[in-house]
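Have your viewer ready and set the side chains to sticks. This tour goes from one charged pair to the next, with a selection to make at each stop.

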Amino acid sequence: MQELFKATTICGVKRDGKIAIAGDGQVTMQESIIFKGTARKVRRIYNDSVVIGFAGGVADAFSLSERFEAMLNKFSGNLMRSAVELAKTWREDKAARKLEAMMIVADKNQLLIVSGMGDVLEPDDDVCAIGSGGNFALAAAKALKENTNLSAKEIAGRALKIASDICVFTNGNIIVEEV
């Protein structure tokens, strides 16, 4: 069965000791209907010390974020260990393997992508993006980081704005959280 509710764009940027994650608020139903424009897909967890942004099927994304927060609690907030253990669980659990979602996660030191295949990736250039408009946001964020002195928060927000101007699955209702 095809997921009914999906589509979003999430962008993460690390610069000058700060990490920001931005996400839009659009939820699309069956590829053609904007079902909701004010969803909150970027949030703080683990005593506000970790920021996550998720893309993919809504129920799958919530399930994945709940599992990740449980790992953070289990491993005392260690972001990398929690992400790796989540990836292991994801690959071993038949139900979890069917989750169609990805996350960008960050604490004050690290920026990671937890992929839909159960991988944990640390971006080489401290910029990453996922979701329907991810490639647009990624290109914009890389250009802004290389050619401006904007902060991580400003780059992530502007990259999402650029993506929202191009991608029909991304809207201008942008939330940015910084660690």
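Is Lys 88 buried, partly exposed or exposed? Select Lys 88 and take a look: its relative accessibility is 42%, so Lys 88 counts as partly exposed. Keep in mind throughout that this is a predicted model.

Now add Glu 85 to the selection. The two side chains form a salt bridge, with 3.4 Å from N to O. Both residues sit in helix H2 (residues 79-92), and because they are three residues apart, about one helical turn separates them. Glu 85 counts as buried, at 18% relative accessibility.

Next, select Lys 41 and Asp 24. Here too there is a salt bridge, and the closest N and O atoms are 3.8 Å apart. This pair links distant parts of the chain, 17 residues apart: Lys 41 is in the loop between strand S5 (33-36) and strand S6 (42-45), while Asp 24 is in the loop between strand S3 (18-23) and strand S4 (27-29). Lys 41 is buried at 8% relative accessibility, and Asp 24 is buried as well, at 1%.

For the last stop, pick Glu 177 and Arg 40. Their closest N and O atoms are 2.7 Å apart in a salt bridge. Glu 177 belongs to strand S12 (residues 175-178) and Arg 40 to the loop between S5 and S6, so the pair ties together parts that are 137 residues apart in sequence. Glu 177 is buried, with a relative accessible area of 16%, whereas Arg 40 is partly exposed at 37%. Add Arg 44 to see a network of salt bridges linking Arg 40, Arg 44 and Glu 177.

Conventions
Residues numbered from 1 in each chain as written. Predicted model: local features only at pLDDT ≥ 70, side-chain atom pairs only at ≥ 80, totals over all residues. Heavy atoms only, no water. Salt bridge = Lys/Arg side-chain N within 4 Å of Asp/Glu carboxyl O. Helix = DSSP H or I, 4+ residues; strand = E, 2+ residues; numbered from the N terminus. Buried < 20%, exposed > 50% of the residue type's maximum accessible area, 1.4 Å probe, protein only.
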